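Work through the exercises below with the coordinates open. Each one gives a task and then a solution in steps.

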Amino acid sequence: QVTISSVQYIGRELQLAANLFVAAGASCTLPRNLIVSSVQASINGTIYGVQRLIMYNRSNVAIGKACIFGAGPNEISLKMLSIDDGSTLWLGRDSQLEAENITIGSPSSPQVATLMLDGTNTVRANLTNIGHAGLIAGSGRGWIAGRGQGLMQASQESGGGSHGGIGQGQA
């Protein structure tokens, strides 16, 4: 188990096999390629340098409201995010995830890989791949007038639902 107050790592890739906790107000500079395997991580501080996050082997990473990945507050900006092999990435309320490529689950692993969204979140990607064992799940905060059509319904005009059901653009 590793608790971070302030750490800097210089290099191209880090394969993390220890639990990681970054407290609010703490900072951590990591290489651009971060690979996590069998890791429990809670990130509430500031992370710098990571461009590609690869999660596998039942890793669980919770990103809190104060987390920054080289973007603004509550913003996670990556080139690539891969969640596979029974792993879960939890995004806190009011988070924004932006990536060029997001992959959740793969054809080669039967274990469910999950992107868990808590409350109102925004996810943007140029390319999203959801494998047969991939899941995007959410815990909504109830329907709000003007913010969706209700449970399991959404439309392009309204900005999506709020019950953790079908989101904007999903079928």
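**Exercise 1. Classify Thr88 as buried or exposed, and list its contacts.**

Step 1. The model is a predicted one. In it, Thr88 has a relative accessibility of 12%.
Step 2. The cut-off for a buried residue is under 20% relative accessible area, so Thr88 counts as buried.
Step 3. Thr88 belongs to strand β11.
Step 4. Beyond the residues up to four places away in sequence, Thr88 touches Met55, Ser59, Asn60, Val61, Ile83, Thr114 and Met116.

**Exercise 2. Find how far Leu135 is from Thr88 in space, and classify Leu135.**

Step 1. Along the sequence, 47 residues separate Leu135 and Thr88. Their C-alpha atoms are 9.3 Å apart.
Step 2. Leu135 sits in strand β15, which covers residues 134-139.
Step 3. With a relative accessibility of 38%, Leu135 counts as partly exposed, because that class lies between the 20% and 50% limits.
Step 4. Outside its neighbours within four places in sequence, Leu135 contacts Ile104, Val112, Ala113, Thr114, Leu115 and Ile130.

**Exercise 3. State which residues have the most contacts inside the largest nonpolar core, and list the contacts of Leu89.**

Step 1. The largest nonpolar core contains 33 residues.
Step 2. Leu78 and Leu89 have the most contacts inside this core.
Step 3. Leaving out neighbours within four places in sequence, the contacts of Leu89 are Met55, Val61, Ile63, Leu81, Ile83, Thr114, Leu115 and Met116.
Step 4. For the chain as a whole, buried residues make up 39% of the 171 residues.

**Exercise 4. Locate the largest cavity and describe its lining.**

Step 1. Rolling a probe the size of a water molecule over the atoms shows where empty space is left.
Step 2. Searching the whole structure gives one cavity of 30 Å³ or more. The largest cavity holds about 70 Å³ of space.
Step 3. Its lining consists of Leu16, Leu20, Leu34, Val36, Ala41, Ile43, Leu53, Val61, Ile63 and Phe69.
Step 4. By class, the lining has 10 nonpolar residues, no polar and no charged ones.
Step 5. At least two lining residues come from each of β4 (33-37), β5 (40-43) and β8 (60-63).

**Exercise 5. Take Ala41, one of the lining residues, and describe its surroundings.**

Step 1. Ala41 is part of strand β5.
Step 2. Ala41 counts as buried, with 10% relative accessibility.
Step 3. Ala41 and Phe21 are 20 residues apart along the chain, and 5.5 Å separates their C-alpha atoms.
Step 4. With neighbours within four places in sequence set aside, Ala41 is in contact with Leu20, Asn60, Val61 and Ala62.

**Exercise 6. Examine the backbone at Asp85 and Asp94, and say where each lies.**

Step 1. Most residues other than glycine have a negative phi.
Step 2. Asp85, not a glycine, has a positive phi of about 60°. Asp94, also not a glycine, has a positive phi of about 60°.
Step 3. The loop between β10 (75-83) and β11 (88-91) holds Asp85, while Asp94 is in the loop between β11 and β12 (96-104).
Step 4. Asp94 has a relative accessible area of 41% and is therefore partly exposed.

**Exercise 7. Summarise the chain: how many helices and strands are there, and what supplies its exposed area?**

Step 1. The chain has 15 strands and zero helices.
Step 2. About 8900 Å² of the chain is exposed, with 49% of that area supplied by carbon and sulfur atoms.
Step 3. Of the contacts with a separation of 6 or more, 34% are between residues 24 or more positions apart.

How values were computed. Residues numbered from 1 in each chain as written. Predicted model: local features only at pLDDT ≥ 70, side-chain atom pairs only at ≥ 80, totals over all residues. Heavy atoms only, no water. Helix = DSSP H or I, 4+ residues; strand = E, 2+ residues; numbered from the N terminus. Buried < 20%, exposed > 50% of the residue type's maximum accessible area, 1.4 Å probe, protein only. Contact = heavy atoms within 4.5 Å. Areas by Shrake-Rupley, 256 points an atom, 1.4 Å probe, with all protein chains shown as cover. 1 Å grid on protein atoms, 1.4 Å probe; cavity = no way out; pocket = protein on both sides within 12 Å on 5 of 7 lines; lining within 4 Å. Points joined across faces, edges and corners; volume = space filled by probe spheres on them. Nonpolar A, V, L, I, M, F, W, Y, C, P; charged D, E, K, R; others polar. Core = buried A, V, L, I, M, F, W, Y, C linked by side-chain atoms within 4.5 Å.
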